[in-house]
Amino acid sequence: MIETQYSPAVPDPKSIPANAPEHCPGTESDQAGKADACAGCDNKDVCASGATKLPDPALPLIKRRMAGVKHKILILSGKGGVGKSTFTAQLGWAFAADEDIQTGIMDVDICGPSIPTILGIASEQVHASSSGWSPVYVQDNMAVMSVGFMLPTSKDAIMWRGPKKNGLISQFLKDVDWGDLDFLLIDTPPGTSDEHLSIVQYLKESGIDGAILITTPQEVAIQDVRREIDFCRKVGIRILGLVENMSGFVCPNCKGESQIFKPTTGGAKKLSEDTGIPLLGAVPLDPRIGKSADYGVSFLDEYPDSPATTAYLDIIDRVKEIIDDNS
């Protein structure tokens with residue numbers, strides 16, 4: 001299905017000079033004038049300068065589709081395994097708890113799509129209609145799109161290079177019938193690579209409200225978040241705030257809390273002080289969060305008395321306040 005929708009191996013013929021060498025990447029490519037195939041080409045210097053680069057034809061289509069989306073929020077983490085997708089799901093459920101709020105979640109973690117499992121919709125499939133791809137609905141006001149819906153089985157590996165990933169992300173933005181949304185939450189993979197650059201490029205005309213950065217207390221995670229902060233500043237994305245996940249352990253029985261991942265360098269609080277980025281809150285480690293994700297249910301609904309639920313809701317209220325202040 002995906003193969004027929006997008007073929008990254010074939011550049012737009014209009015972007016290829018008449019005297020171009022074989023395997024020319026095309027003037028619209030980031031590799032124009034830089035790829036191995038460009039060596040010896042008379043147009044190499046001109047292409048590398050960007051003077052011949054054509055605008056991406058997908059941008060006006062994306063802008064038109066995104067016109068109905070009020071707020072777009074990126075969920076970022078420099079390191080994997082810090083609970084980014086779980087936080088995205090909880091944020092989505094919290095927004096959708098208000099029946100008047102239309103929420104969408106777009107999973108652009110192409111190689112590790114976990115959102116369908118966390119939301120309990122892993123067995124669903126995407127269907128095409130005259131208005132585009134129809135997202136999968138968790139409930140009437142919560143729509144989801146992920147490459148996970150397009151795989152034959154959950155065991156299938158996705159082994160794609162950058163151009164193919166970028167093409168699918170473009171399709172998620174311009175071909176999915178999102179309808180009118182109050183919030184579109186974009187769950188990204190760890191790091192600062194193809195998927196992140198593509199999102200920034202494709203939404204540059206539609207606008208991104210900001211990014212929420214997820215970390216855990218230990219320095220190895222904080223170090224990667226510093227790189228994520230640098231990425232956001234370089235590409236002009238506003239950082240809404242930091243969230244520290246797994247911030248201590250809460251015993252489900254006695255409610256006592258102890259530190260599992262010790263913040264040897266001060267954790268997210270110290271990072272917030274050093275960078276001036278707001279600390280939205282800290283979510284303690286509750287084993288039932290992982291259980292809820294495995295079973296595809298809302299932790300907030302299942303365990304309303306957990307200190308972690310209180311922390312989640314406080315963070316979500318702060319995100320709403322920041323978004324409303326900027327509206």
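Reader: Which residues does UniProt list under "binding site" in an unreviewed entry, apart from any run of glycines?

Author: For that feature, the unreviewed UniProt entry lists Cys-251 and Cys-254. The coordinates here belong to a predicted model, and the annotation comes from the record.

Reader: Where in the chain is Cys-251 found, and is Cys-251 buried or exposed?

Author: Burial is read from relative accessible area, with under 20% counting as buried and over 50% as exposed. Cys-251 is found in the loop between β10 (249-250) and β11 (257-258). Cys-251 counts as buried because its relative accessibility is 19%.

Reader: What is the place of Cys-254, and is Cys-254 buried or exposed?

Author: Cys-254 also sits in the loop between β10 and β11. With a relative accessible area of 57%, Cys-254 is exposed.

Reader: Which residues from Gly-78 onward does the "binding site" annotation cover?

Author: In the unreviewed UniProt entry, the annotation covers Gly-78, Lys-79, Gly-80, Gly-81, Val-82, Gly-83, Lys-84 and Ser-85. Two of these can be read in the same manner. Gly-80 lies in the loop between β1 (69-76) and α4 (84-96), and Gly-81 lies in the loop between β1 and α4.

Reader: How is the accessibility of Gly-80 and of Gly-81 to be read?

Author: A value between the two cut-offs is called partly exposed. Gly-80 has a relative accessible area of 39%, so it is partly exposed. Gly-81 has 68% and is therefore exposed.

Reader: Where is Ser-298 found, and what is Ser-298 in contact with?

Author: Ser-298 is in the loop between α10 (287-295) and α11 (299-302). A loop position does not settle burial here: Ser-298 is buried, at 6% relative accessible area. Setting aside neighbours within four places in sequence, its contacts are Gln-90 and Trp-93.

Reader: In what order do the strands of the open sheet run?

Author: A sheet is read from one edge to the other, strand by strand. Eight strands form this open sheet, in the order β5-β6-β2-β7-β1-β8-β9-β12, with mixed pairing. At the edges stand β5 (136-139) and β12 (279-282), each of which pairs on one side only. On average, neighbouring strands of the sheet are turned by 20° against each other, direction ignored.

Reader: In which sense do β2 and β7 pair, and what stands opposite Met-106?

Author: β2 and β7 (residues 181-187) pair in the parallel sense over five bridges. Opposite Met-106 stands Ile-186 in β7.

Reader: What do the totals for the chain come to?

Author: The secondary structure comes to twelve helices and twelve strands. Of the 327 residues in the chain, 49% are buried. The chain exposes about 15,500 Å², of which carbon and sulfur atoms supply 49%. Among contacts with a separation of 6 or more, 74% are between residues 24 or more positions apart.

Reader: Which elements have the lowest and the highest mean pLDDT?

Author: Helix α1 (residues 2-5) has the lowest mean, 39, and strand β2 (residues 103-107) the highest, 98. Over the chain, pLDDT averages 86, and 87% of the residues score at least 70.

Reader: Over which residues does pLDDT stay under 50?

Author: That stretch is residues 1-18, for which the model has 30 contacts beyond four places in sequence. Where pLDDT is low, the predicted coordinates should not be read in detail.

Note on methods. Residues are numbered from 1 along each chain as its sequence is written. This is a predicted model: local features need pLDDT of at least 70, side-chain atom pairs count only at pLDDT 80 or more; totals for chains, interfaces and linings use all residues. Side-chain values use heavy atoms; hydrogens and water are left out. pLDDT is the predictor's confidence in each residue, from 0 to 100. Helices (H or I, at least four residues) and strands (E, at least two) are DSSP runs, numbered from the N terminus. Contact means heavy atoms within 4.5 Å. UniProt positions are given in the numbering used here, feature names are shortened, and annotations may be inferred rather than shown by experiment. Buried means under 20% relative accessible area, exposed over 50%, partly exposed in between (1.4 Å probe, protein chains only). Two strands pair if DSSP finds at least two bridges between them. Axes are lines fitted to C-alpha atoms, for helices over the stretch in contact, and angles run from 0 to 180 degrees between N-to-C directions. Accessible areas come from the Shrake-Rupley method with a 1.4 Å probe; for residues, only the protein chains shown count as cover.
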